[in-house]
Amino acid sequence: MSFKALFSRSLGADPRRLHFAAHSHHLWPDASYDGQVAAWEDAARLADRKWDRVMGEVYPEAQREVAAELGTDMADAIVFASNTHDLLVRLFAAVSESWPIRVLTSDGEFHSARRQFARWEESGAAVFERIPTYPFDTFSERFLEAAKSGDAQIIFVSQVMFGSGLIFDKIEELAALGRPDGPWVVIDGYHSFMAIDRPLGAQPAQSAFFLGGGYKYAMAGEGCGFMHAPPGFGERPRITGWYAEFEDLGLPPGQVGYAKTADRFLGATFDPSALYRFTAIRRMLAENGLMTARVSAHAEALQKHLLSRFDGTPLANAELLNPVTQGPHARFLAFRHTEAQRWYEQLKSRNVITDVRGDVLRIGFGIYQDDADVDRLIEHLGELE
């Protein structure tokens with residue numbers, strides 16, 4: 001089955017392109033254009049009063065959609081920001097009144113966390129214990145054991161590793177360790193949100209933070225970072241904007257007030273167009289019966305189609321880091337080989353878009369692809385030198 005009609009603008013913008021980087025920069029569906037136009041029209045029509053609509057209708061709808069997707073139904077535990085790095089900084093500043101902060105994490109985290117962690121470590125603001133991701137067949141157990149036996153104030157780990165696509169599968173056990181007075185459990189879910197069905201769940205949501213955003217599988221582009229903040233954790237964040245105080249009207253004048261919901265982590269004025277795009281896309285998916293489980297099944301079928309026919313291509317000589325097995329799977333296949341960078345450049349020169357991280361070529365799948373696209377990809381792979 002093909003869902004290309006939902007992406008006519010993106011696909012039509014470069015008809016010769018084969019885009020297999022849905023895990024990196026997901027093509028935008030036509031509904032995102034409709035959402036962007038709606039944001040502009042509201043700004044023109046309502047002017048100053050647009051914020052009544054944004055905060056009274058668009059923002060709550062986006063909260064409900066994220067909570068439903070996470071499997072928590074805790075809409076008031078969702079807060080948005082321009083990106084997850086912004087939320088990460090607010091979160092770390094809220095965990096303790098004194099530094100350095102003790103952090104348990106892995107050696108496979110995404111660049112926004114990796115770079116910030118390295119700088120905090122360099123400056124003495126935090127100390128880190130990093131659990132090696134390899135060998136990965138024991139990683140979840142090793143990480144959970146370190147979390148149970150250590151004294152970290154923040155436990156930070158990706159649910160799906162961005163480099164390999166391998167999955168940390170002990171979310172419930174890890175979340176159970178979270179306490180308002182520490183440790184705080186933080187799940188980086190950027191590669192699981194709208195790629196894994198109900199990636200957080202109701203019980204872990206009571207004691208774990210979850211970071212994600214619209215750039216990848218939500219298909220909404222930049223500007224739509226979000227955080228699930230469990231109730232009772234970080235009630236007075238130290239990095240705060242004036243949007244965070246709207247609901248706290250009972251304090252005496254001069255005191256810094258905070259919302260009782262996740263809005264306590266809000267910043268200040270932001271561009272709401274990403275929320276318009278996100279909610280428009282969610283409505284489009286619902287209208288077409290494209291819930292995450294169905295989209296994942298489509299992507300997995302394409303992955304299996306590639307793996308069934310790639311013998312005879314150079315890719316067959318690479319190590320597949322995340323084989324397709326039963327259970328949740330990343331939306332990309334990660335192939336390790338010394339020639340990964342060269343393969344990526346050769347494919348790019350043919351207008352075949354993939355992604356490379358070091359010696360790992362990543363090929364991502366989405367609902368704007370079909371079997372014919374995979375067949376064309378296989379032809380290109382067979383011509384790699």
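**View 1. A salt bridge between helices H8 and H3.** Arg282 forms a salt bridge with Glu65, in which the closest N and O atoms are 2.8 Å apart. Because Arg282 belongs to helix H8 (residues 273–287) and Glu65 to helix H3, the pair ties together parts that are 217 residues apart in sequence. Arg282 is buried, with a relative accessible area of 10%, whereas Glu65 is partly exposed, with a relative accessible area of 21%. As in every view that follows, the model shown is predicted.

**View 2. The surroundings of Phe278 and the nonpolar cores.** The largest nonpolar core has 99 residues, and those with the most contacts inside it are Phe80, Phe143, Leu174, Phe193, Phe209, Met227 and Phe278. When its neighbours within four places in sequence are left aside, Phe278 is in contact with Ala62, Glu65, Val66, Phe193, Met194, Ala218, Ala220 and Cys224. Apart from the largest core lies another, of 25 residues, which includes Leu315, Val324, Ala340 and Leu377. In soluble globular proteins, nonpolar side chains tend to be buried together.

**View 3. The seven-stranded sheet and the helices upon it.** Seven strands make up an open sheet in the order E2-E8-E7-E6-E5-E3-E4, and their pairing is mixed. Strand E2 (78–81) and strand E4 (126–131) stand at the edges with a single partner strand each, so one side of each is left without a neighbour in the sheet. On average, and with direction ignored, neighbouring strands of this sheet are turned by 20 degrees against each other. Helix H3 (residues 50–70) packs on the sheet, where it touches E2, strand E7 (208–213) and strand E8 (225–228), and the direction of H3 makes about 115 degrees with that of E2. Helix H5 (residues 111–123) lies across strand E3 (101–106), E4 and E5, and runs at about 130 degrees to E4.

**View 4. The pairing of strands E5 and E6.** Strand E5 (residues 154–158) pairs with strand E6 (residues 184–188) in the parallel sense, over five bridges. Within this pairing, Val157 stands opposite Ile187 in E6. Strands of a sheet pair through backbone hydrogen bonds, either parallel or antiparallel.

**View 5. A salt bridge within helix H2.** Arg45 forms a salt bridge with Asp42, and their closest N and O atoms are 2.8 Å apart. Because Arg45 and Asp42 are three residues apart in helix H2 (residues 30–46), they are separated by about one helical turn. The two partners are set differently with respect to the surface: Arg45, at 55% relative accessibility, counts as exposed, while Asp42, at 6% relative accessibility, counts as buried. A search of the whole structure finds 22 salt bridges.

**View 6. The four-stranded sheet and helix H10.** An open sheet of four strands runs in the order E9-E10-E13-E12, with antiparallel pairing. Strand E9 (319–320) and E12 stand at its edges, and each has a single partner strand, so one side of each is left without a neighbour in the sheet. E12 and E13 run antiparallel and are joined by three bridges, and the bridge partner of Arg357 in E13 is Val360. Helix H10 (residues 340–349) lies across E12 and E13, and runs at about 40 degrees to E13.

**View 7. A salt bridge between Asp359 and Arg336, and a network of charged side chains.** The side chains of Asp359 and Arg336 meet in a salt bridge, at 3.9 Å from N to O. This pair links distant parts of the chain, 23 residues apart, with Asp359 in the loop between strand E12 (355–357) and strand E13 (360–364) and Arg336 in strand E10 (residues 332–336). Asp359 counts as partly exposed at 37% relative accessibility, and Arg336 is likewise partly exposed, with a relative accessible area of 28%. Elsewhere, Lys4, Asp370, Asp373 and Arg376 are joined into one network by salt bridges that share partners.

**View 8. Helix H9 and its buried residues.** Helix H9 (residues 292–309) has 18 residues and reaches 26 Å from its first C-alpha to its last, which is close to the 26 Å expected at 1.5 Å a residue. Thr292, Val295, Ser296, His298, Ala299, Leu302, Gln303, His305 and Leu306 are buried in H9. The buried residues of H9 pack against H3, E10, E13 and helix H11 (371–382).

Terms used. Residues numbered from 1 in each chain as written. Predicted model: local features only at pLDDT ≥ 70, side-chain atom pairs only at ≥ 80, totals over all residues. Heavy atoms only, no water. Core = buried A, V, L, I, M, F, W, Y, C linked by side-chain atoms within 4.5 Å. Buried < 20%, exposed > 50% of the residue type's maximum accessible area, 1.4 Å probe, protein only. Contact = heavy atoms within 4.5 Å. Pairing = 2+ DSSP bridges. Helix = DSSP H or I, 4+ residues; strand = E, 2+ residues; numbered from the N terminus. Axes fitted to C-alpha atoms, helices over the stretch in contact; angles between N-to-C directions. Salt bridge = Lys/Arg side-chain N within 4 Å of Asp/Glu carboxyl O. Expected span 1.5 Å × (residues − 1).
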